[in-house]
Amino acid sequence: MNPARNVLAAVGRFPQNDPVLARAAEIARAHGARLTIVHVIDGFIGLDPAPADPAGIQHQIRLVARENIAAALARQAIDLPEIDIRIETGSPAQRLVDQIHETGADLVVMRAHEGESILAKLIGSTTDRVIRAACAPVLVVRRPVTQAYQRVVVATETSDESAAVVAFVAALFPLAGLRLIHVVQIPPPFEEAMRRAGHGQVEMAAHRDALIAKAKGYLRGLSEQLADRPVRTATRVIASDPAKSLVRATRNPQVGLIALGPGSTSLIRRALLGSVAQRVLQTAACDVLICPPQGAGK
């Protein structure tokens, strides 16, 4: 099954968004997918006084946006059979989510945004808000594109959701070497509860060892399922802080991408975006792929 039949590239300014177009086009070409390029224009809400000819000005802004996209495609020699350029107006996050649904995007490619304003810190950047909508996998581009991904780290948990993420990533990047990482950590509230219940370091260590053994068995099973891939799948279990361990793994210069699943699927966790995923998004040294829970946004 083709994991990417429709790839959506969300772009803004150029040349800052050149890597987004390059990565989206590379993936679309590899899978024979349709590429939809979406640029969202903010309206004139809040401007005082309002422009004398808002319709005319907006028309010119749309023309300039389309010309900039066409120039970026030409600059990078991107020539795919199916390219659809869409210029939308409104709230960037909401319009992008609407377009994801409308186009049936299997993958969204966006630029990493760093919100500097107080408002951005409170409600998140457009990228954060699209990810929180959980309607399609979102690939956040943080690096210039020089080649296809050679090595991809996949953060795993012992769950069906995690297995689905591994299968998706393996199909999306069939020639990339995968490194499956499972980070074991006893949550601090659970650890405190064990102490209050009278369990000491010996019981704590035994529980941690049991978690590690379970994780190793789970990764072994996933690795066996990927045995037919042309490149090797490596596995590793780490007993440490999840976010720190995953970010550290991205600092390997050979790692071009880290993929994470949804983690906890509770409504609160999904609305706020899990803290581990948030920290990886903010500090990873490579591109980041966030996959939503199965069935989300359907």
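In what sense do strands E4 and E5 pair, and over how many bridges? In the predicted model described here, the pairing of E4 with strand E5 (residues 138-141) is parallel and extends over four bridges. Within this pairing, Arg111 has Val141 of E5 as its bridge partner. Strand E4 spans residues 107-111, and four of its five residues are buried, leaving the strand mostly covered. E4 is also joined to strand E1 (residues 6-10), with which it runs parallel, through three bridges. Here Val7 is placed opposite Leu107 of E4.

These pairings belong to an open sheet of 10 strands with mixed pairing, in which the strands follow the order E3-E2-E1-E4-E5-E10-E9-E6-E7-E8. E3 and E8 form the edges, each pairing on one side only. From one strand to the next, the twist averages 20 degrees. Elsewhere in the sheet, strand E6 (residues 151-155) and strand E7 (residues 177-184) run parallel and are joined by five bridges, with Arg151 opposite Gly177 in E7.

Helix H6 (residues 160-172) packs on this sheet, where it touches E4, E6, E7, strand E9 (255-260) and strand E10 (287-290). The direction of H6 makes about 170 degrees with that of E6. From its first C-alpha to its last, the 13 residues of H6 reach 18 Å, close to the 18 Å expected at 1.5 Å a residue. The buried residues of the helix are Glu161, Ser162, Val165, Val166, Phe168, Val169, Ala170 and Leu172. An α-helix has 3.6 residues a turn, so residues three or four places apart point the same way.

Leu172 of H6 also takes part in the surroundings of His31, a residue of helix H1. Beyond residues up to four places away in sequence, His31 touches Asn2, Pro3, Ala4, Ala171 and Leu172. His31 has a relative accessibility of 14% and therefore counts as buried, the limit for this class being under 20%.

The nonpolar interior was examined next. In soluble globular proteins, nonpolar side chains tend to be buried together. The largest nonpolar core of the model comprises 48 residues, of which Val7, Leu21, Leu35, Val169 and Leu289 touch the most other members. For Leu35, the contacts outside its neighbours within four places in sequence are Val7, Ala9, Ala24, Ala25, Ala28, Leu80, Glu82, Ile83 and Asp84. Apart from this core lies another, of 34 residues, which includes Cys135, Val255, Ala277 and Val280.

Charged side chains contribute 11 salt bridges to the structure. One of these is formed by Arg75 and Asp18, whose closest N and O atoms are 2.8 Å apart. Arg75 is in helix H2 (residues 54-75) and Asp18 in helix H1 (residues 18-31), and the pair thereby links distant parts of the chain, 57 residues apart. The two partners fall into separate accessibility classes: Arg75 is partly exposed, with a relative accessible area of 47%, whereas Asp18 is buried at 14% relative accessibility.

Another salt bridge connects the side chains of Asp84 and Arg34, with an N to O distance of 3.5 Å. This pair likewise links distant parts of the chain, 50 residues apart, with Asp84 in strand E3 (residues 83-89) and Arg34 in strand E2 (residues 34-41). Asp84 counts as buried at 17% relative accessibility, while Arg34 is partly exposed, with a relative accessible area of 28%.

The side chains of Asp241 and Arg279 also meet in a salt bridge, at 3.6 Å from N to O. Asp241 lies in the loop between strand E8 (233-239) and helix H9 (242-250), and Arg279 lies in helix H11 (residues 275-283), so this bridge ties together parts that are 38 residues apart in sequence. Both partners are partly exposed: Asp241 has a relative accessibility of 22%, and Arg279 one of 35%. Through salt bridges that share partners, Arg34, Glu82, Asp84, Arg86 and Glu102 are joined into one network.

How values were computed: Residues numbered from 1 in each chain as written. Predicted model: local features only at pLDDT ≥ 70, side-chain atom pairs only at ≥ 80, totals over all residues. Heavy atoms only, no water. Core = buried A, V, L, I, M, F, W, Y, C linked by side-chain atoms within 4.5 Å. Buried < 20%, exposed > 50% of the residue type's maximum accessible area, 1.4 Å probe, protein only. Contact = heavy atoms within 4.5 Å. Salt bridge = Lys/Arg side-chain N within 4 Å of Asp/Glu carboxyl O. Helix = DSSP H or I, 4+ residues; strand = E, 2+ residues; numbered from the N terminus. Pairing = 2+ DSSP bridges. Axes fitted to C-alpha atoms, helices over the stretch in contact; angles between N-to-C directions. Expected span 1.5 Å × (residues − 1).
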